[in-house]
Amino acid sequence: MHTQARSAAVTAACLLTVGALGLVSLCVGSFPLSLSQIMSLLAGQLGGTMEHQVFWQLRFARMCMAAVTGWALGLAGGVYQTVFRNPLASPDLTGVASGASLGAACAIVLGAGTRLEIMAGSFFAGLIALALVLGLVSAARLERTGSYILAGVIISSLCEAGLMLLKTVADPERELAAIEVWTMGSLSAMTADKLPLPALAAALCSAALLLFRRQTLMLSLGSESARGMGLDVPRWRALLLGLTTLMVAAVVSVVGAVAFVGLIAPHIAALLLRRRGGVYLPVCGLVGAAVLLAADLPARLLNLPLSIFTVLMAVPVLAMLLLRGGRDGDA
Amino acid sequence: MKKFKTALSLILALAMLLACSACGGTQESAQPSAEPTPETVSPSPEAEGIVLTDQAGREVALDAPAETVVSCYYISTYAMIALGAQERVVGLEKKADTRPIYSMAAPELIEKPAVGTMKELDVEAVAALAPELVIMPAALIDYADTLTELGIPVMVVNPEGHDELVEMLTLMGAALGLEENAAALVSYYDEQLAAIEQLGADSEKPSVLMLSNSSYLSAAPATMYQSSLIDAAGGVNAASELEGDYWTELSYEDIIAMSPEVIVIPAGADYTAADVTGDAQLANLPAVQSGAVYQMPSGLEEWDSPIPSGILGCMWLASVLHPDEYSFEDFTADAQEFYRSFYGFELDAALITK
């Protein structure tokens, strides 16, 4: 198939999948809402009823947040894998996920553990983790991609140690349970008023990242080539990573840490598109949204954390990549 | 370079926007109140309905005593039974089938819809049951506002100790219109505590080590409810020097240094008294030497916790520590009487062990 035709077909298919999963997710939940009721609600009827409240406050908000979170993590994963030229790069790499987890745990154990504190704690700790990674890289005066990965590992490990310490001193019935829920990700406490902030952050950051996708691609050619093309490599790398971190921290502060979406979405996108250019980044976001919407269906029916299902979905994808990699070295 | 500066200002503006929204705006949830506030539990005389202040300091307004209740916490579900309101429960916490007291006192509860755990609540499932009141633990407080916005009143309870348990029962009694039942339970507690206080007045208090549920190499420090249970029953907590506010890890050396005269294993322990007495490292402890290693009855309720029947834990320990003044037979009869009058069922005496 011609490259452009394939890109158009894949984008359309992804959009359709996300739309279909979104519709299905509007119909799934513990509160009994019939299809006709949902149609009426979508048409703006049934105002003032419990059905109206449950649908718009809970179910619709949950569906939107699942899509936004998946999009943000998928897109972030795509940017990381491109910038780092590493198929294993994901938001966890720069210590953002561990930093955000540590921030949330601090809010739970040392603070009052209110939703607001957890959001602020994870958001700022995620940003601090990135700042530390960038600081380490700049102190080392090494611009190689490998330095970012190593610095990310160092900061992640530090955050993990802090998290272990907090888990040890946490009261198991309340604080430890809250940390566990947070580090496995959940949309069960999602309400409409929690949606605007992460949605706005994801929209603005995505717009900027898509605007700068030429720079992202230039970075993927390696520092030397990018510099040859007139790019200020350290600055652009820091800026692109900063934007993705901001986006990841904004969604993760509400949903908690969701495993593997940022890792597998870019691989699925690359498998579908057979290249990492053109519409690759938006397709990464769409695949991420589809993965998260799909994972949230069993998660809400069984009242289980999201990460259980994202990991279950990631395993076959990663196994397939491994087998393909063994055959043609393309992974 | 210009493009880079534009991009940089964009990211800075965004960060500031997010920081501002994260720092202000949303209302802080109130913290669970440490002090019982009995004056706030009586229904407001001016209002037609019932207005209460729950244990998170939130206002709970009801038009009338709640006839349908979703209880998201096993301790509040126990309290529904103890207050004689089990038939008003329309939904409850998960894993109800693992609580032996439900099958004995209110088997219908096991068939009711389960709405969540201490970690997560299925808000849609609660809304579908359209209860007149939802009672939840402080751990689930994030869900309280969501349910309140759906028009469902929520009472947050936090029975961390005896006083908070009494406050919870009084609040629930007021919300259910069962104030007399709550008062009867509370006066039973007061009577029993006063009676226990008289025991062993002339003898030296024995040192008691209260082990944890998960391992006999961890125990209750001074700040835990279990420690106050030992004090009330006329003992001294052998682990009172320990830091921390939850089960604290111990080494063999620590336990030997504490040299407890009595060892108590809580109701939900994963091990038995034989495991403790059979451990060669502990063989020389006074408690092991004298055979004073006791386990709370495991097939009933968590008597070592602040639950409505927690007073029985105190009475059980008192009879263990002062058998001459309060025999185990007397305690067994008292426990049967407690369940008969407050839970409405006849407890098999064989389940009451030590």
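Reader: What phi does A:Gly222 take, just after helix 9 of chain A?
Author: In this predicted model, A:Gly222 takes a positive phi of about 105°, just after helix 9 of chain A; helices here are DSSP runs of H or I with at least four residues, and strands are runs of E with at least two, numbered from the N terminus. Local features need pLDDT of at least 70 and side-chain atom pairs count only at pLDDT 80 or more, while totals for chains, interfaces and linings use all residues. Residues are numbered from 1 along each chain as its sequence is written, and chains are lettered from A and ligands numbered from 1 in the order in which they are written.

Reader: Okay, and which residues in helix 9 of chain A are buried?
Author: In that helix, residues 213–220, the buried ones are A:Gln215, A:Thr216, A:Met218 and A:Leu219, where buried means that 20 or more other C-beta atoms, placed from the backbone, lie within 10 Å of the residue's own. Seen down the axis of helix 9 of chain A, its buried residues fall within an arc of 160°, taken from the directions from the axis to the C-beta atoms, so they line one face of the helix.

Reader: What do they pack against?
Author: The buried residues of helix 9 pack against helix 3, helix 10 (223–228) and helix 11 (233–255), each in chain A, with contact meaning C-beta atoms within 7 Å.

Reader: Switching topic, how many residues does the largest nonpolar core have?
Author: The largest nonpolar core has 227 residues, and A:Met247 and B:Ala175 have the most contacts inside it; such a core is a set of buried Ala, Val, Leu, Ile, Met, Phe, Trp, Tyr and Cys residues joined through C-beta atoms within 7 Å. Helix 3 (residues 50–84) of chain A gives the most to this core, with 17 residues. Domain 1 (38–188) and domain 2 (203–351) of chain B, with bounds from an automatic or database domain assignment, both give residues to this core, so it lies between them.

Reader: And what does A:Met247 touch?
Author: Leaving aside residues up to four places away in sequence, A:Met247 touches A:Ala72, A:Ala76, A:Ala201, A:Ala202, A:Cys205 and A:Ser206.

Reader: Last one, what is the strand order in the open sheet of chain B?
Author: The order of its 4 strands is 9-7-11-12, with parallel pairing, and two strands pair if DSSP finds at least two bridges between them.

Methods
A residue is buried if 20 or more other C-beta atoms lie within 10 Å of its own, exposed if 12 or fewer, and partly exposed in between; C-beta atoms are placed from the backbone. Two residues are in contact if their C-beta atoms, placed from the backbone, lie within 7 Å.
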